[in-house]
Amino acid sequence: MTNYYFNAFDEKASAQLSNQINDTLKIKRLSKQDIVILCIGTDRATGDCLGPLVGEHLKDMLPALSVYGTLEAPIHALNLEDTIENIQARHKNPFIIAIDASLGVSDHIGFVTLSHAPLHPGKGVNKKLPAIGNISITGIVNVAGFPSSILLQSTRLYTVMALANCISNAIANSYIGNNQTFCFEAI
C-alpha cells in the first residue's frame, strides 16, 4: 500500500498533494470513470468535521463536481451504506476519492495522507463500516488513544481548517490544472 504525507501547514503542501493526486489518477483510474468525491464525517464533533468542510469548500469552488458529504448533508455512520448504494446507482463504475479525518501519532497531527487503498471509516472509534474508495485522503486531526470520541470532541478547529483548506485546494487545483482529469455531473 502506497501512502504519501503532506504537512498542511507547509505552504507548498496543497500543490504537492495536487500533483500527487494527478499522478495517482493517471496510474489507477480508467479514462472513462467518473470521479466522485466522498467526504465522510459529521459537523457535530470538531475532529470529525474535516470531510464535510472539504465537501463544502469543493461545492463552492467547483459546483458541478460530484461531491457527497457537506455541512448541510453530511455522510456519517448512519447513512454511509445508503450513500454508497446511491453513488453506485448514479455513476457507472465511479472512481471514488474518499476523504475523512483520522487519528495518528502526535508528530503527524496536521498532516494529510494520500493512500492508494480504500478508506476504513470509523476505524479510529471502533465502528464497523464498509471500506470505500479507490483511493483515500485523510487528515490527521489528533492523536490516537482512548477514548477516541473525546479526542475528536477536543480537536482544535484551527488544525481541521488547515487540513480542509489544503485538501480542497489540492483537489480544485488538480481540476483547474488538468480539466480533462475530472468528469463533472451536477448532483
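Contact means heavy atoms within 4.5 Å; helices (H or I, at least four residues) and strands (E, at least two) are DSSP runs, numbered from the N terminus. This is a predicted model, in which local features need pLDDT of at least 70, side-chain atom pairs count only at pLDDT 80 or more, and totals for chains, interfaces and linings use all residues. Residues are numbered from 1 along each chain as its sequence is written, and side-chain values use heavy atoms, with hydrogens and water left out.

**View 1. The two sides of helix 3 (residues 80–90).** Leu80, Thr83, Ile84 and Ile87 are buried (under 20% relative accessible area, 1.4 Å probe, protein chains only). They lie on the same side of helix 3, because they cover an arc of only 100° around the axis, taken from the directions from the helix axis to the C-beta atoms. On the other side, Asp82, Glu85 and Ala89 are exposed (over 50%). The cover over the buried residues includes strand 2 (35–39), strand 3 (67–68) and strand 4 (95–104).

**View 2. The open sheet.** Its 6 strands follow the order 1-5-6-4-2-3 with mixed pairing, where two strands pair if DSSP finds at least two bridges between them. Strand 1 (3–7) and strand 3 are the edge strands, each pairing on one side only. Strand 4 pairs with strand 6 (residues 135–143) in the parallel sense over 8 bridges.

**View 3. Helix 2 (residues 50–61) across the strands.** Helix 2 lies across strand 2, strand 3, strand 4 and strand 6. Its direction runs at about 135° to strand 2, with axes fitted to C-alpha atoms, for helices over the stretch in contact, and angles from 0 to 180 degrees between N-to-C directions.
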